[in-house]
Amino acid sequence: MDLINSFRDKDKILVLSQIIKQRSKKPLNIMEICGGHTHSIMKFGIPELVGKYVNFIHGPGCPVCAMPKTRIDEAIKLASIDGVIFCTLADMLRVPGSKTSLMKLRGEGHDIRALYTPLDTLSIAEKNPDKKVVFFAIGFETTTPMTAVLIQKSIELDLKNIFFHINHVTVPAPVRAIMSDKDVKIDAFLGPSHVSVITGSKIYEELANEFKTPIAVSGFEPLDLMDSVLNLVNQHENGTHKVYNEYARVVSKDGNLKAKELIERYFEPCDFEWRGLGEIQKSGMKLKDEFSYLDARVKFDCSVQSTGENRACICGKILRGLAKPYDCKVFGKVCNPQNPIGSCMVSSEGACAAYYKYAKRA
């Protein structure tokens with residue numbers, strides 16, 4: 001099977017489009033949790049294919065977008081320390097903090113490195129034994145195992161100069177928070193693909209039953225999305241609320257057991273502040289106490305005084321499912337990929353970036 005072209009079959013997509021339009025009898029608000037889904041939905045023109053009753057709402061599934069300004073300011077403070085080599089993923093560099101960004105700080109001469117893989121941190125630490133190397137870890141359950149492997153390797157190599165600022169978060173907690181918000185009207189969810197490879201589809205069953213809301217774990221290709229939407233339309237019309245695993249070619253019910261064991265070995269749940277959602281209990285991960293000697297927040301003074309969000313930016317509302325990029329007065333004008341005001345325009349998975357890139361063609 002061609003894993004790209006087979007899932008972009010025009011004839012099959014158009015058949016599904018007709019079926020969805022025929023079976024949709026009432027409005028259906030679908031939140032796609034994953035930022036990658038947002039980009040695929042816009043890239044392939046899915047809103048036009050599913051008809052007038054299906055409305056896509058963007059969720060908090062972009063880890064860079066959901067990062068609160070406090071954490072960004074902590075990263076900037078760490079990267080400013082003499083003798084520190086600061087390492088993170090590329091999207092983080094451009095997110096505005098209260099006064100500056102990691103990108104601007106790097107332009108001033110600080111050693112800030114955007115990594116292709118977290119494991120690059122090992123060679124950086126080995127080549128710079130006189131420096132303190134800080135890895136700023138971000139992401140949902142998809143990337144948490146990679147950080148766990150990095151921690152494991154650093155311990156095995158007895159590297160004393162690597163420290164970790166952990167910003168990993170989980171999917172179920174923010175979904176529960178959103179569904180508990182009386183202002184949010186969500187009828188169904190597209191479950192995140194890559195996260196589900198690690199967690200398995202079973203993790204969503206409690207949410208589906210608790211809120212009586214169907215969830216379809218979907219791949220990223222247009223045929224994946226159309227099939228998932230059709231399932232959600234059918235469930236919505238029939239009044240059912242099951243978890244549908246459309247992405248069964250990659251996602252199992254129980255997920256990657258070895259990856260989950262690694263996560264449990266080094267991390268434990270903690271409360272975490274989300275941009276737009278506030279603090280959500282047990283929604284983040286932190287190093288277990290036995291590994292606190294590796295914790296950058298323990299090793300260094302990370303206290304900061306952060307300013308509020310830019311009043312012109314509505315990223316918080318977008319992440320809560322209360323607004324779309326078009327609702328923002330500065331979208332595509334003052335705020336664009338070259339001059340991002342908010343995190344939703346910075347990240348390659350951000351909703352604003354997706355709308356900006358694909359909206360004209362759509």
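**Exercises on aromatic rings and a buried helix**

In this predicted model, the count of aromatic pairs comes to 9.

**Exercise 1.** Classify the pair formed by the rings of F86 and F136, and state where in the chain each residue lies.

*Solution.* The ring centres of F86 and F136 are 5.7 Å apart and the planes meet at 40°. Planes under 30 degrees apart would count as stacked and those over 60 as edge-to-face, so the pair of F86 and F136 is tilted. F86 belongs to strand β3 (residues 84-89) and F136 to strand β5 (residues 132-139), and the pair thus links distant parts of the chain, 50 residues apart. F86 has a relative accessibility of 0% and therefore counts as buried, and F136 is buried with a relative accessible area of 0%.

**Exercise 2.** Describe the aromatic pair of F140 and W274 in the same steps.

*Solution.* The centres of F140 and W274 lie 5.9 Å from each other, with 50° between the planes, and the pair is tilted. F140 is in the loop between β5 and α8 (144-156), while W274 is in strand β10 (residues 267-274), a separation of 134 residues that links distant parts of the chain. Buried means under 20% relative accessible area, so F140 at 7% is buried, and W274 at 2% is buried.

**Exercise 3.** Decide whether helix α5 is largely enclosed or not enclosed by the rest of the structure.

*Solution.* Helix α5 spans residues 69-79, and 9 of its 11 residues are buried. Among them are K69, R71, I72 and D73. The helix is therefore largely enclosed by the rest of the structure.

Note on methods: Residues are numbered from 1 along each chain as its sequence is written. This is a predicted model: local features need pLDDT of at least 70, side-chain atom pairs count only at pLDDT 80 or more; totals for chains, interfaces and linings use all residues. Side-chain values use heavy atoms; hydrogens and water are left out. Buried means under 20% relative accessible area, exposed over 50%, partly exposed in between (1.4 Å probe, protein chains only). Helices (H or I, at least four residues) and strands (E, at least two) are DSSP runs, numbered from the N terminus. Rings of Phe, Tyr and Trp (its six-membered ring) pair if their centres lie within 6.5 Å; planes under 30 degrees apart count as stacked, over 60 as edge-to-face and the rest as tilted.
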